[in-house]
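Dear colleague,

I am passing a protein model on to you, and I would be grateful if you could look it over alongside the notes below.

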Amino acid sequence: VRQFEGLLLDRLVGILTREFFLLSQTPAGAMCLLDSLSSLPLEQQQCLVHAYSDMSSSKQVVDHLTGHNSSLVFQSSLPLLDTSLLRSLVLLLSPGLASLAGHQTLFQMVEHAEHTDQQVLFLLAAQLDTEHLLLSPDQSALVVQLVTTGNVKVCGLVLHNMSGRLATIIFTHHGRDLVMAFIWSATDLQVELIMEELCQEQEDEVPIIVQLAVDGSKEDGLLEAIVGKARREVLARMLDIFKVFRERIIASNCGRRWIGCLSQKVNSGCGTQSRGERGVTD
């Protein structure tokens, strides 16, 4: 690759492009492609990765993205993929998306799409939604990454799936991580809808926010997210709810911590403490 130039280099790049996927499967072939992608002029690099337009099946994409050698080639090719190529790959990949759960290549694709083509983020989320996998523990890391981008359409899909189910979702480890990421990343209106469900009365159960305060842990980032994103009026409402369940809240170390954090945020900037200042034990 480094010895040829002009027409000879063009011919060589043409051969590499035709044999791109076969070469990417072997250590020597992958090394050749990686070296080419780092040393060729940009125009020839783009010719090489145009080979991705020849992919025609979900299995072919999945095998390439997960292969020991080929995945390295794809990761190096990713910055060179234009919007059209990236979207076509994602659409081909969609039926096999579940088989890529937890794979580093998929995470890198999301990271790349966040900065280049956010429609790809929605395509991935929509496929997970179609297969009812947005709340699946196996896809938790991917969904959290998608939500963390702050893409409004992605967060809208996730909100639709979480609404009415928070009481079961939020008390699992992966569900808690998802809700926490959602609160930090979604729009104010989307977050407001989550806060409303946290405060709602439940039949034969205390409000979710009370359960969270009582059963939380010292390292729980959910409290930080709620305090950081909820409106002061919402936090004041939560404190009023805590008053109704005062004995249960105060009996818990975590409950007292929630009281303190929420009270501090509600009362910050309100001037001198007064009888009307929010709290649970006043």
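What follows is a short account of what was found, from the whole chain down to one residue.

Please keep in mind throughout that this is a predicted model. As for secondary structure, the protein has 19 helices, while the number of strands is 0.

On overall dimensions, the radius of gyration of the protein is 25 Å, whereas a compact globule of 282 residues would be expected to come out near 19 Å. Taken along the principal axes, the box filled by the C-alpha atoms is roughly 85 × 40 × 30 Å. Among contacts in the protein with a separation of 6 or more, 70% are between residues 24 or more positions apart.

Turning to the surface, 48% of the 282 residues count as buried, and the protein exposes about 14,300 Å², of which carbon and sulfur atoms supply 53%. The charged side chains comprise 21 positive and 32 negative ones, and the centres of these two sets lie 7 Å apart.

One residue may serve as a local example, namely Q45, which is found in helix α4, a helix covering residues 42-49. Is Q45 buried or exposed? Its relative accessibility is 12%, and because buried means under 20%, Q45 counts as buried. If neighbours within four places in sequence are left aside, the residues in contact with Q45 are S36, L37, L40 and L80.

With best regards

Notes
Residues numbered from 1 in each chain as written. Predicted model: local features only at pLDDT ≥ 70, side-chain atom pairs only at ≥ 80, totals over all residues. Heavy atoms only, no water. Helix = DSSP H or I, 4+ residues; strand = E, 2+ residues; numbered from the N terminus. Rg over C-alpha atoms; globule rule 2.2 N^0.38 Å. Buried < 20%, exposed > 50% of the residue type's maximum accessible area, 1.4 Å probe, protein only. Contact = heavy atoms within 4.5 Å. Areas by Shrake-Rupley, 256 points an atom, 1.4 Å probe, with all protein chains shown as cover. Lys, Arg positive; Asp, Glu negative; His and termini not counted. Charge placed at Lys NZ, Arg CZ, Asp CG, Glu CD.
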